[in-house]
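I open this notebook to record what I looked up in the structure, entry by entry. Each entry keeps to one topic.

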Amino acid sequence: MFRRTSVDRGTVRRPAGGEPNGLWSEPEKGSRQHRGEGASGSSQDKVDEARRSTESEVFDDGTVTFFWRAHTLTVLFILTCALVYVTLLEETPQDTAYNIKRGIIASILVFLCFGVTQAKDGPFSRPHPAYWRFWLCVSVVYELFLIFILFQTVQDGRQFMKFIDSKLGVPLPERDYGGNCLIFDPGNKTDPYHNIWDKLDGFVPAHFLGWYLKTLMIRDWWMCMIISVMFEFLEYSLEHQLPNFSECWWDHWIMDVFLCNGFGIYCAMKTLEWLSMKPYHWQGLWNIHSYKGKIKRIAFQFTPYSWVKFEWKPASNLRRWLAVCGIIFMFLLAELNTFYLKFVLWMPPEHYLVLLRLVFFVHVGGVAMREIYDFMDDLHFHKKLGQQAWLVAAITVTEFLIVLKYDPYTLTLPIPFYVTQCWILGFILVLSWTIWRFFIRNITLRWKETRLQKRDKASEKDKIGNGNANPFIKSKHNGSDTRQRKC
């Protein structure tokens, strides 16, 4: 039997990780609904009603199994046994470098064990809240690593990367994707389309998969297309700094924007449409009797517990407009950091650390976007920025500071004058639209509204005056009629 949790009963949804199974719960005592603050919170009720209209309805039978219970004592016991084994039964090697590496790894693992069992839950609960607590702790470790690199000299920082992998610490040539941009090369008789085949490397599926996942994070077609197009303009603008930003025009607009990015965004929007229409019925695994149902339930454990449709509404007010602009800016900065970090730290594009960073941002980016949306959409319930969003912003800024410190010469190379003119023109257009939309237009609308109100008040006064005058005129006419009858 399913337990129906309906928004019609006035239930409030907690953050999905707050309950063992991510369940909905009744409002706490002392909340606004229990205090009966209906009149004072009428505007907030409208916000809540609009928010609930974008959330899916969830049915859950409330089953809490061993999988969902806290295992703090179990993890502590296993961790203690491992430390006792290393201390008493294992002989410490005499290799200093090996011991340093092992000590650092052990310290990180102990911190991850503490964080996975004790850290605060985020907005996601599937496949398990501990999974997202793990990535939160990884975010802390990565930020501390970046701070350590930031405080080193350029030479020491690059050599420290060699401490992680002996293949690093060596300058690497950047690949230039520009050059011969002919789609059909008549000079090459064996393969006139060789330029196209040369560009079809591993980055093509990476572009598609990357934008598929980014769209699942942002959940908005317009924002994704703006970020995609703006990044191509950034590549045009910065190709004098990084050689691999130099691409053919058809590589920029046909292969990247329309084919890889565009198709990835389209597939992701179809996935979002399915997730918003999908029924969210959850039942305990042992309450399902058929094997097919059990397998389906296990597969759906890796899908969201519920769904919230993002409605960013950037033009609704100045605060949301600035927030959306900030999100776009941070996205573009994180994209640029991918290329500049491997350039200043001498990491080849195919190195596993580059791939691990992308996998890391895929996991933490989705949580961060949900926390940012909650913070923007309902300040009464979410009074501060979420922990994962805070860390992602700090990591993005720290990465940029490392790039700025390690290679200021590349970043300060003079931008071509025509590129500067284009960016200044774009900035002026955005600033002009912002002033018109949120200041001039609002002042004009208020002035028109004031005039209409004054006109309505004047018409009401005229009606009242006419109504008071009519009885006097009627009585005067009636009096003259009676006098005529008497005569």
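Before looking at single residues I fix one cut-off: a residue is called exposed when its relative accessible area is over 50%, and buried when that area is under 20%. The model I am reading is a predicted one.

**Entry on Tyr409**

I looked up Tyr409 and found this residue in helix α15, which covers residues 408–411. Its relative accessibility is 60%, so Tyr409 counts as exposed. I then looked for a partner distant in sequence, and noted that Gln241 is 168 residues away along the chain, while the two C-alpha atoms are 9.4 Å apart in space.

**Entry on the chain as a whole**

I went through the secondary structure of the protein chain and noted 16 helices and three strands. The chain has 487 residues, and 37% of them are buried. When I took the contacts between residues at least 6 apart in sequence, 72% turned out to join residues at least 24 apart.

**Entry on the annotated spans**

I consulted the UniProt record, an unreviewed entry, whose annotation "transmembrane region" covers residues 66–88, 100–119, 131–151, 321–340, 352–369, 389–406 and 418–439. I compared two of these spans with the model. Residues 66–88 are 74% helix and 0% strand, with the end C-alpha atoms 33 Å apart. For residues 131–151 I noted 95% helix, again with 0% strand, and a separation of 31 Å between the end C-alpha atoms.

**Entry on the nonpolar cores**

Which residues touch the most other members of the largest nonpolar core? In this core of 53 residues they are Ile218, Phe245, Trp312 and Phe360. I traced the core back to the helices and found that α5 (129–150), α8 (203–218), α9 (221–238), α10 (249–277), α12 (318–344), α13 (352–377) and α14 (387–406) each supply at least two of its residues. The largest share, 10 residues, comes from α12. Apart from this core I noted another one, of seven residues, including Leu272, Leu275, Tyr280 and Tyr305.

I followed Phe360 further: leaving aside residues up to four places away in sequence, Phe360 touches Trp135, Val138, Ser139, Tyr142 and Ile395.

**Entry on α13 and α14**

I examined the pair to which Phe360 leads, and found that the axes of α13 and α14 come within 7 Å and cross at roughly 130°. That angle makes α13 oblique to α14, and the crossing is left-handed. On the α13 side I listed Arg357, Phe360, Phe361, Val364, Val367, Ala368, Glu371 and Ile372, which meet Gln387, Gln388, Ala389, Val392, Ile395, Thr396 and Glu399 of α14.

**Entry on α8, α9 and the loop between them**

For α8 and α9 I noted a packing angle of about 135°, with the axes 9 Å apart; the two helices are therefore oblique to each other, and their crossing is right-handed. The contact brings Trp211, Lys214, Thr215 and Ile218 of α8 against Met223, Cys224, Ile227 and Ser228 of α9.

In the loop between these helices I stopped at Arg219, which has a positive phi of about 60° although it is not a glycine. Is Arg219 buried or exposed? With a relative accessible area of 12%, Arg219 is buried.

**Entry on α4, α5 and the loop between them**

The axes of α4 and α5 come within 8 Å and cross at roughly 135°, so I put α4 and α5 down as oblique to each other. α4 passes α5 in a right-handed crossing. Here Ile108, Phe111, Leu112, Gly115, Val116 and Thr117 of α4 meet Ala130, Arg133, Phe134, Cys137, Val138, Val140 and Val141 of α5.

The loop between α4 (96–118) and α5 holds Pro127, and I noted that the peptide bond joining Arg126 and Pro127 is cis, with omega about 0°.

**Entry on Lys313**

I marked Lys313 as another residue other than glycine with a positive phi, near 45°. Lys313 is placed in the loop between α11 (291–300) and α12, and a relative accessible area of 47% makes Lys313 partly exposed. I kept these backbone notes because most residues other than glycine have a negative phi, and most peptide bonds are trans.

Conventions:
Residues are numbered from 1 along each chain as its sequence is written. This is a predicted model: local features need pLDDT of at least 70, side-chain atom pairs count only at pLDDT 80 or more; totals for chains, interfaces and linings use all residues. Side-chain values use heavy atoms; hydrogens and water are left out. UniProt positions are given in the numbering used here, feature names are shortened, and annotations may be inferred rather than shown by experiment. Helices (H or I, at least four residues) and strands (E, at least two) are DSSP runs, numbered from the N terminus. A nonpolar core is a set of buried Ala, Val, Leu, Ile, Met, Phe, Trp, Tyr and Cys residues joined through side-chain atoms within 4.5 Å. Buried means under 20% relative accessible area, exposed over 50%, partly exposed in between (1.4 Å probe, protein chains only). Contact means heavy atoms within 4.5 Å. Axes are lines fitted to C-alpha atoms, for helices over the stretch in contact, and angles run from 0 to 180 degrees between N-to-C directions. Angles under 35 degrees count as roughly parallel, over 145 as roughly antiparallel, 65 to 115 as roughly perpendicular and the rest as oblique. A crossing is left-handed if the near helix is turned anticlockwise from the far one by less than a right angle, and right-handed if clockwise.
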